[in-house]
Structures are given as structure tokens and as C-alpha cells.
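Work through the exercises below with the sequence and the 3D view open. Each task is followed by a stepwise solution.

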Amino acid sequence: MSRIVLPCSLLVAALLASASAHGQAEGDGGAAGEATVRASTPPRGASDFTVDPSTVRAVPRGSAAELLTLAPGILLAQHGGEGKAHQIFLRGFDAQHGQDVEFTVGGLPVNEVSNVHGQGYADLNFVIPEVVDRLRVLEGPFDPRQGDFAVAGSARFDLGVGERGTTLRASYGMFNTARALALVAPRGMRRETFLAAEFARSDGFGEHRASSRAAAMGQYLHPLASGATLRALAFSYAARFDSAGVVREDDLQRGRDFFASYDPSQGGFSSRHGLVVEVVVPHGRGRTTGSAFASLRDLVVRENFTGFALDARGDGYEQRYTAGTVGLTASHRDAFDLFGRAQWWECGLTARHDVTTQGMDRVRFADGAPYDTPVDADVNATDVGAYADLELRPWSRFTVRGGVRADALAYQIDDRRPRERGSSVLRGRREAQGVQVGPRVTIEVDLGRGFSLHGAYGKGFRSPQALSLGAGEEAPFATVHAGEVGARFRAWFGSAAAAAFATHVDRDLVFVPELGQNVVNESSAATTRVGASLLVRATPLRGLDVTVSGTWTRATYDANGLRVPYVPPLVGRLDAAWSRALTELAAKPLTLSVGLGASALGERPLPFSEWSPARLVLDAATSLRWGAVELGVSARNLTDARWRDGVFAYASNFDPTTPGSLVPVQHFTAGRPLTVLTTVTLFL
């Protein structure tokens, strides 16, 4: 533990010293509740979206991760239980639990390096939804600041609370689901300053779906002299969850319950604890930013996708991942005069070190005892990156933004599994290192009257699973080349963005249920995606905010032209929120809020030429607020549709008394049925 805490302490101390040196006197911090002028990043193409979640708060969502669906083409699934990371689909990528989307929360990188359950595993369940102040989703690797895992894109959660004061919220509803929230946002302080805690639990909507979680997050923004700021974020989170697993479609046709479960031992445990400290120092037209972060992570996942098809003792497995992470980032942005106007440049550094321990056991169905250990290893990973970025505007209506990013990744692997005679599987202690360099460039043409045209190209990467590396091997990164052309429009009543895109990946990953992991199929590793997206945001009536998006994608293997499995060709989303004061009672307004959310998904290709069914899921909520009291009710899956959250195709056998069949069949994890919650909120 000292290897993690000591370096982080030194980094934090250095940042605090830097902030103190900048000025001895403290600034006044601005007016009460005033928003800090946050560092803004120039837009990178037509598919760079910044979202204010407060405009659609009335639409029911179960987690901060579900805010991602405000960007076009993002689909979430949670087939492993309420405490497991969401499965993410974006722009034709089945990113599984994060392998193709880079996530940061309050300056903390979330994706996990070489996680045994999935490369880039990103669990966002530790984020309390009420403290997400701003969300930026950049679809495509078009910004030099994007690093590892930014294959399909990246998402950044900025934290803050706009409505100052104390908020107490309690929810209760079907399946003995309960949630309690306490949120303190002191009046007279910046919106970035808050303290929040939540507790939630549920029996679940079917067999083996119980879950519970507890989280606390606190952030403090301290104004310094000359406009500098010091921000500190700390959080702690823990959850345990049961998982029902899959159900065979043919068993469903034979009368098995839609919400059934074959193996009651599935589920797991997840925890995350962390700290981020950031100093921003403005000077002239520019600014310098430095931050340090540290986190501790534990994950246990127990699953059984195939029953007894691989071994008569049972195919269940338990995966374990423990990690300590420290890192720092630094950047400097400034302007220079050219062509009679200001031009901008920026350079930055990132460094991250992960100390991980991971394991995987195959366990007996009868008693959960391990009978084989496919994974037992320690992995130390270091990523040092640097980028340079330039924004040139030679004419008032023409802007070029471009730069380059370089990352050097090094690995130390200690694989404790003994080498089997005649096996080619890598074992023992070894080291590997690799370097990845990628240019990114965007062009913007302002046509006037709110219209603009955009073009973008970028080269991104995904780091390899460390256990696949050999001694002295140059790490084989997955390299992505992406391009996009599009247009944007903005007016007083709303905005719109449309884009056509193409992406090529030379080493794609596909989930294999039999292994419980994502693997590269070397015979058809390269894939290509083409598609188009549209997003429209509008306020057609006073108090009404509407966001509509849709994405079409075709993802194929380069070697044979077959579709990449599990990737949804069509994804659509609607969010509509309306709020208005109806009248006044005792000099206090009575405000009605209504929210509607709809997620549409087309048929998805599966292995063995199978297709999953399309689906449409509706969510709705309404609330009345009078003064400091608000009463609300929400309904998820309003029509009580029987929809499939996850769909797979492979061979399985969940009956230990029969030899089973090797013929692949469809399996599914059941989506949430109609779930109604009532909520009481006090604003103090």
C-alpha cells in the first residue's frame, strides 16, 4: 500500500506548494453560488457533445452512466447485475465494459488496465447522479488529449451542483427497492463544492438479482489569488450484487420463466476509493493546469454462461481484480497573435502507474470450490503520454485544430501459473514495452446563421491485455483510424448535429462467453465500421426540452465481410422533459415536472448468422414541487415489455444429467420489467 500512497502524497504536496506560491492572498471567490470559469476545450468535429443533465432531470435514470445516452448512438446494457459495470455500445463498437471508450470522472481515469474480466473495464456506479454537472462525449479519437481506450470515443464527467443548499431524498418502490440521498451544497460557495452520500438496495425483479451499494463523494473548490483555483475530490464506494445470468431461448419456449436463473452463485463485489487534487493557474490569456490522482480498486465477479458444457463439474468461474493507481496530468494553454487575431496552442503530459493483482478460478457447481486456476498474476503497468495541440484561424470563418499524441506503455508481468509441458501459453516473469504515436486533426468552416461544416481525422489506440505479452515484446497495440464529416446548426430554439463516419481497427476484441473474456480472433482481427448519426435538441415550448438522436452503423470483418456480432446497426433515443409553475400556494410556486424517455434498438447480428430481436423501452416520471417539498413517481419500462438486455449465441448445457448438445442457441439476460418508485425530496 505504501507504494501507492507515498508517491501520491508527494504529488499532492507539490501541487499545494505550487498553488501557495502563486499568491499569498485569497481571492473573494466571486458571488454566492457563482460557477467557476471551467477550462473549455474547443469542439472536435460534428460529434463533440457537451450536455447539461439538469435540462432533462425529469427523465428517470437509474445511474450516472445512463446520462451517456444523451449522446447519439450510445446504448447501455447491464446483463451482469446492478453492481457490475454497464456494457457499452457506441458507433458500431461493442465496447463491453469500457474497452473502446475512455472515461474520466472529475479528473480521475476510470478504465482499468488489463482487468481479467475485460480490458479497459470502467465501472461508473460509484458516481452519484445528482452531482454530475456537465458531461462531454466526443465520438471518435479526434482530440490529442484522448488517450488509451479512446477507440470509439471518450466521455468526461464534470462534477458540481447548481441548486445550492441541502437536499434530502428518499425513494421506495417495487421489488423492495429503496434509495436514500443526502446532498450538501453550501450556499455562497462555488457549484463545484459539495458533499453527497447515497445508500441503495433492492431485492431485484427476479431470481438472484438482489443488490446493495453505498457511496460518498465530496469536492471542494478553493479560490486562490489572481484567479487561480485549487480543487480536491474524494470518494468511497462499495457494492455487492447477485446476478441471474442467462436463459436459453429454447428453455423459454418450453415454459421456463423469463426471469429465471440456472446458477444461484453468480454475482460479485465492487469497491473504489480515490482522491483527485487539481490546481489551475491563469496567466494572461493562458492557463496552466496540474493534477494528481490516486485510487484503490477491488472487483470480484462470479458467472456461468455455459452451465456444464465445458466440464461436468460446472463451468462457473470467479474472477478477481485488485488495483492501486497513481498518476498526474499537466497542461499549458496559451495564445499568440497571427493573421491579425489570436491563435492558440497547448501541450500536456500524463503519467499513470497501476499495480494490479488478478486471478480467475473455475469453480464446481456443487460447492463453489475451485478446480482450476487459468489466471493468477501480478501486472504493473506504466503509461507516460505527451501531446501537442494547435488551433489556427487564418480567416474568421475557418479554423484548423490539430495535434499529435504519443504514449509509451511498459509492463512487468509475474504470471504464477506453472508452464504446462508442450504448451505455448506464456508463463513466468517478463517485461514488455511499446510506443504509440497518433495524429488528430479537425477542420471547421463557419457558414454563418448558426451553420458550420466539420471534418475530422484521428489515430487512436487500445493497450493490450498484459498477460498476452511475451518477454521483451513490443506491445501490440490495437490501432484505430477514424474519419468523420458533418454539420452543426444552432439557433435560439435549439441545435442539431449530423455526421457520417468511418472507423478501422486492426485488432478488434470480441466477447467469448465460454472463456468469460474478450479475445482477439487473429484470423479476422481487423474490422471496419461506417455509419451516420443525428442529434437534435430543441425547446419548442416554454419549459419543454427535447433531445432526439439516432445512429446507423454497419460493422464488418475485413477478412470475410461478415458482420461483427452483438453490434446494433440502429440505435435511437428520445428524452423529453417539461417543467412549469402551475400556480402559487401560500406565496410559494407549485411546479409540475414531467419526463419521458424512450430507447429503441434494431435487430443485432449474433454469431452463427443469428439475429437478436428489436426492442422499444419507455420510461416516464412526474413530480410536484411546492416550496421545499417535492413528491414524485417514476416508472421504468412503462409498458412492462419483455425485453432482452443482453443476447448471445453459443452452445451450452445447464442440465448436468444429460450430455447436452454442441448446437449453438440464443441466450438472453432479462431486462427490467415495469418498476415503479415513489420519491420524496426536501430542499433545505
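**Exercise 1. A run of antiparallel strands**

In which sense do strand β9 and β10 pair, and over how many bridges? Then follow β10 to its next partner and describe its two faces.

Solution.
Step 1. Bear in mind that this is a predicted model. Strand β9 covers residues 165–173 and pairs with β10 in the antiparallel sense, over 9 bridges.
Step 2. Fix the register. T167 has L183 in β10 as its bridge partner.
Step 3. Look at the turn. The hairpin of β9 and β10 has 3 residues between the strands, and F175 takes a positive phi near 65° there.
Step 4. Move on to strand β11, residues 194–202. β10 and β11 are antiparallel too, with 7 bridges. Here A182 is bridged to A197 of β11.
Step 5. Recall the general pattern: in a regular strand, side chains alternate between the two faces of the sheet.
Step 6. Apply the pattern to β10, residues 177–185. T177, R179, L181, L183 and A185 form the covered face. A178, A180, A182 and V184 form the uncovered one.

**Exercise 2. One residue of β10**

Is A178 buried, partly exposed or exposed? List its contacts, leaving out sequence neighbours up to four places away.

Solution.
Step 1. Place the residue: A178 sits in strand β10.
Step 2. Classify it. The relative accessible area of A178 is 22%. Buried would require a value under 20%, so A178 counts as partly exposed.
Step 3. List the contacts. A178 touches S171, Y172, F199, A200 and R201.
Step 4. Add a distance for scale. A178 and L409 are 231 residues apart in sequence, and their C-alpha atoms are 44 Å apart in space.

**Exercise 3. An open sheet**

What is the strand order in the open sheet of 5 strands, and which strands form its edges?

Solution.
Step 1. Read the order: β1-β7-β8-β5-β6, with mixed pairing.
Step 2. Find the edges. β1 (48–51) and β6 (108–109) each pair on one side only.
Step 3. Inspect one edge. Strand β5, residues 101–105, runs antiparallel to β6, and 2 bridges join them. T104 stands opposite P109 in β6.

**Exercise 4. Salt bridges around R136**

Which salt bridges does R136 form with D48 and D143, and at what N to O distances?

Solution.
Step 1. Start with D48. D48 and R136 form a salt bridge, with the closest N and O atoms 2.7 Å apart. The two residues come from distant parts of the chain: D48 is in strand β1 and R136 in strand β7 (residues 132–139), 88 residues apart.
Step 2. Add D143. The side chains of D143 and R136 meet in a salt bridge at 3.5 Å, N to O.
Step 3. Check burial. D48 and R136 are both buried. R136 has a relative accessible area of 11%. D143 is buried as well, at 1%.
Step 4. Widen the view. A network of salt bridges links R44, D48, R136, D143, R145, R333, E346, D389, E391, R401 and E444. The whole structure holds 52 salt bridges.

**Exercise 5. A long-range pair**

Why does the salt bridge between E303 and K84 tie together parts that are 219 residues apart in sequence?

Solution.
Step 1. Confirm the pair. The closest N and O atoms of E303 and K84 are 2.5 Å apart.
Step 2. Locate both ends. E303 lies in strand β16 (residues 286–303), and K84 in the loop between β2 (75–77) and β3 (87–90), so the pair ties together parts that are 219 residues apart in sequence.
Step 3. Check burial. E303 is buried, at a relative accessible area of 4%. K84 is buried, at 1%.

**Exercise 6. A histidine and a surface patch**

What does the side chain of H332 contact through polar atoms? Which residues make the nonpolar surface patch of about 470 Å²?

Solution.
Step 1. Place H332 in strand β17, residues 317–338. Its side chain makes a polar contact of 2.8 Å with the side chain of T288.
Step 2. List what H332 touches, not counting residues up to four places away in sequence: H283, R287, T288, W345, E346 and C347.
Step 3. Turn to the patch. L168, V629, L631, V680, L682 and L684 make it. β34 (629–636) and β37 (675–683) are the elements that give two or more residues to this nonpolar patch.
Step 4. Take one member. V680 lies in strand β37 and is partly exposed, with a relative accessible area of 41%.

Definitions and conventions
Residues are numbered from 1 along each chain as its sequence is written. This is a predicted model: local features need pLDDT of at least 70, side-chain atom pairs count only at pLDDT 80 or more; totals for chains, interfaces and linings use all residues. Side-chain values use heavy atoms; hydrogens and water are left out. Two strands pair if DSSP finds at least two bridges between them. Helices (H or I, at least four residues) and strands (E, at least two) are DSSP runs, numbered from the N terminus. Buried means under 20% relative accessible area, exposed over 50%, partly exposed in between (1.4 Å probe, protein chains only). A polar contact is a pair of N or O atoms within 3.5 Å; within protein, one must be able to donate a hydrogen and the other to accept it, and residues adjacent in sequence count only if both atoms are side-chain atoms. Contact means heavy atoms within 4.5 Å. Patches are made of residues with over 30% relative accessible area and no salt bridge: like charges are joined within 9 Å, nonpolar side chains (Val, Leu, Ile, Met, Phe, Trp, Tyr) within 5 Å. Accessible areas come from the Shrake-Rupley method with a 1.4 Å probe; for residues, only the protein chains shown count as cover. A salt bridge is a side-chain nitrogen of Lys or Arg within 4 Å of a carboxyl oxygen of Asp or Glu.
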